[in-house]
Amino acid sequence: MLVLFALVIALKNVKAEQPQPAGPVQKDAAASVSQESSITEAVIPDSAVQPPAEKEPLRVVYVTFDDGPCTHTPQVLDILDRYGVKATFFTVGCYVEKYPEHAAEIVRRGETIGCHSYTHDYAQCYASADAFLNEVTRWEQAVTAACGAVPERECLRFPGGSRTHYADNVRDGIKDGLRQRGIHWYDWNAGDNDKWLAGNTQELPKTEYFRQSYRACMKWFDDMPEEPVILLLHETEDGTVQILPEILEDLKARGYVFRTLDQHPSWETPGT
Ligand SMILES: [Zn+2]
């Protein structure tokens, strides 16, 4: 149970997404559809026409990696490419400066780069709203230097999450400042507990603990297909990188489609 309690529920109220429209209809397919419909009209009596089966909502997952870039970043990018998955990287400005080539590669591969402060130091980040917003500015400068520009849609994750008690006195001011700058912030509602090792009371090998934590978490969503999953992982954790292929395979087996947070529906509802 402790494992479950460790996971923070996302603050954002996430609306279920509508399934994407199908791709362009092939000529042959269009022809066979129109043939079928004319046959249906002509031959099948009303009593034989079944109502269409209710479609399950599209399951959407946003995979996110915090605290990089780091020495694992190239490997994480290769794994994502192998599975054709796009993810969101919440990066720390001082590490963007340390590993500018990895930050640039995140963008070059078509992943989304987001802000996770400049220092990740809670005392500095949450000293005041201005201090936090200054961290964002310094992150933007680091990303501009490494990648050429900041993303048009800027996503942010608070260090420790937006509910962290470190932000208690400055949270509202920070949020106001972020809204004014058009920056959207996202927490998470799933993860593998890779930063919460105290929950490993059975002293399992790290990878097994991460695997079990992830599975326990995803079980919540079995009966909530309409609930988008925002999955928190840390690219700095070796064990997470090791089980990443399993996680991506599992998400695919569960029928999830992968999106990045700059595609999140909340972009369409300013002020939320
Ligand atoms: Zn972090």
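**Briefing: helix α3 and its surroundings**

The buried residues of helix α3 pack against three elements: β1 (59-68), α5 (100-108) and α10 (238-253). This is a predicted model. Mean pLDDT for the chain is 84, and 78% of the residues reach 70 or more. The chain has 10 helices and 8 strands.

**Helix α3**

- Helix α3 spans residues 73-82, and T73, V76, L77 and L80 are buried in it.
- These residues fall on the same side of α3, because they cover an arc of only 100° around the axis.
- D78 and R82 are exposed, on the face of α3 turned away from the buried side.
- Just after α3, G84 has a positive phi of about 65°.

**Strands β1, β2 and β3**

- β1, α3 and β2 form a β-α-β unit, and the unit is right-handed.
- β1 and β2 run parallel and are joined by 4 bridges.
- Within this pairing, D66 stands opposite F90 of β2.
- β2 also pairs with β3 (residues 112-115), again in the parallel sense, over 4 bridges.
- Here T88 stands opposite T112 of β3.
- Strand β2 (residues 88-91) is covered on both faces.
- T88 and F90 are buried on one side of β2, and F89 and T91 are buried on the other.

**The nonpolar core**

- The largest nonpolar core has 56 residues.
- The members that touch the most others are V61, Y62, V63, V143, A190, I230 and L231.
- L231 is in contact with V61, Y62, V63 and T64, leaving aside its neighbours within four places in sequence.
- On the same count, W188, A190 and G191 are also in contact with L231.
- In soluble globular proteins, nonpolar side chains tend to be buried together.
- Across the 272 residues of the chain, 35% count as buried.
- Of the contacts between residues at least 6 apart in sequence, 81% join residues at least 24 apart.

**Backbone features in loops**

- The peptide bond between G68 and P69 is cis, with omega about -5°.
- P69 sits in the loop between β1 and α3.
- H120 is not a glycine, yet its phi is positive, at about 60°.
- H120 lies in the loop between β3 and α6 (122-125).
- Why is H120 classed as partly exposed? It has 18 other C-beta atoms within 10 Å, and a residue with 20 or more would be buried, one with 12 or fewer exposed.
- N193 is another residue other than glycine with a positive phi, near 60°.
- N193 lies in the loop between β6 (190-191) and α9 (206-219).
- N193 is buried, because 24 other C-beta atoms lie within 10 Å and the cut-off is 20 or more.

**Confidence**

- Where should the model be read with care? pLDDT stays under 50 over residues 1-42.
- The model has 39 contacts beyond four places in sequence for residues 1-42.
- Where pLDDT is low, the predicted coordinates should not be read in detail.

Terms used. Residues numbered from 1 in each chain as written. Predicted model: local features only at pLDDT ≥ 70, side-chain atom pairs only at ≥ 80, totals over all residues. Core = buried A, V, L, I, M, F, W, Y, C linked by C-beta atoms within 7 Å. Contact = placed C-beta atoms within 7 Å. Helix = DSSP H or I, 4+ residues; strand = E, 2+ residues; numbered from the N terminus. Arc of directions from axis to C-beta. Pairing = 2+ DSSP bridges. Right-handed = clockwise from strand over helix to strand, strands pointing away. pLDDT = per-residue confidence, 0-100.
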